[in-house]
Amino acid sequence: MINNCRILVLALLLLTGATQVTAQTAKQVLDRCAKVVGNKGGASASFSMTAPRMGSASGTISIKGNKFTAKTADATMWFNGKTMWTYMRKNEEVNVSNPSKDQLNRLNPYNFINLYKKGYSYTMTKKSGSYVVTLKSNAATTASVPEMVITMSSSTYVPSVIKMKDRKGNWTTITISNFKARNLSDAAFTFNSKDYPKAEVIDLR
């Protein structure tokens with residue numbers, strides 16, 4: 001009986017230690033990923049997205065810090081860190097707004113690099129040359145993103161799939177390809193009316 005108890009205690013200690021190491025390693029992996037994605041000059045990639053409320057879309061995205069520009073067949077969005085312009089090709093209309101954090105989390109797949117450092121716990125698995133990190137908010141009922149799953153290359157730390165769950169339990173899945181570090185001008189993240197002379201600008205701020 002004593003030997004069995006010792007074995008059980010040892011197993012529990014090993015399990016606890018393994019959990020701590022996994023959590024620490026997951027944080028380190030996310031730090032490496034954030035460093036790659038947060039390249040000082042910026043980055044660009046292709047993406048495809050499926051979401052319950054927005055359906056499916058695909059296009060390209062450029063990022064620099066908290067700025068981003070996303071282009072699909074139907075629309076183009078520019079966000080300069082404060083203001084967002086959304087150009088709808090079908091009706092030649094540009095909506096101007098100051099998006100909320102929830103909106104930015106849904107629109108910018110790379111926004112996780114600004115979220116994960118505070119208020120989340122981490123677990124990680126490794127398979128087929130990829131790290132799969134699951135992040136769960138410590139305030140799941142109030143967080144704009146209660147849960148995320150990020151799949152990234154174990155050699156380059158470039159993310160390939162990002163899944164985000166909203167407060168209603170709906171998952172948005174974003175698949176990323178052709179990621180490249182770039183040197184992008186800040187002007188690339190602001191709407192230029194000269195490029196769209198026929199567009200009607202509607203200020204919703």
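**Exercise 1. Is Gln103 buried, exposed or partly exposed, and at what relative accessibility?**

Solution. This is a predicted model: local features need pLDDT (the predictor's confidence in each residue, from 0 to 100) of at least 70, side-chain atom pairs count only at pLDDT 80 or more, and totals for chains, interfaces and linings use all residues. Residues are numbered from 1 along each chain as its sequence is written, and side-chain values use heavy atoms, with hydrogens and water left out.

Step 1. Take the cut-offs: buried is under 20% relative accessible area, exposed is over 50%, partly exposed is in between (1.4 Å probe, protein chains only).
Step 2. Gln103 has 33% relative accessibility, so Gln103 counts as partly exposed.

**Exercise 2. Classify the ring pair of Trp78 and Phe191.**

Solution. Step 1. Rings of Phe, Tyr and Trp (its six-membered ring) pair if their centres lie within 6.5 Å; planes under 30 degrees apart are stacked, over 60 edge-to-face, the rest tilted.
Step 2. A search of the whole structure gives 7 aromatic pairs.
Step 3. For Trp78 and Phe191, the centres are 5.3 Å apart and the planes make 65°, an edge-to-face pair.
Step 4. Both Trp78 and Phe191 are buried.

**Exercise 3. Classify the pair of Tyr87 and Tyr196, then give the accessibility of each residue.**

Solution. Step 1. The ring centres of Tyr87 and Tyr196 are 4.5 Å apart with planes at 50°, so this pair is tilted.
Step 2. Tyr87, at 5% relative accessibility, counts as buried.
Step 3. Tyr196, at 21%, counts as partly exposed.
Step 4. Ring pairs join Trp78, Tyr87, Phe191 and Tyr196 into a cluster.
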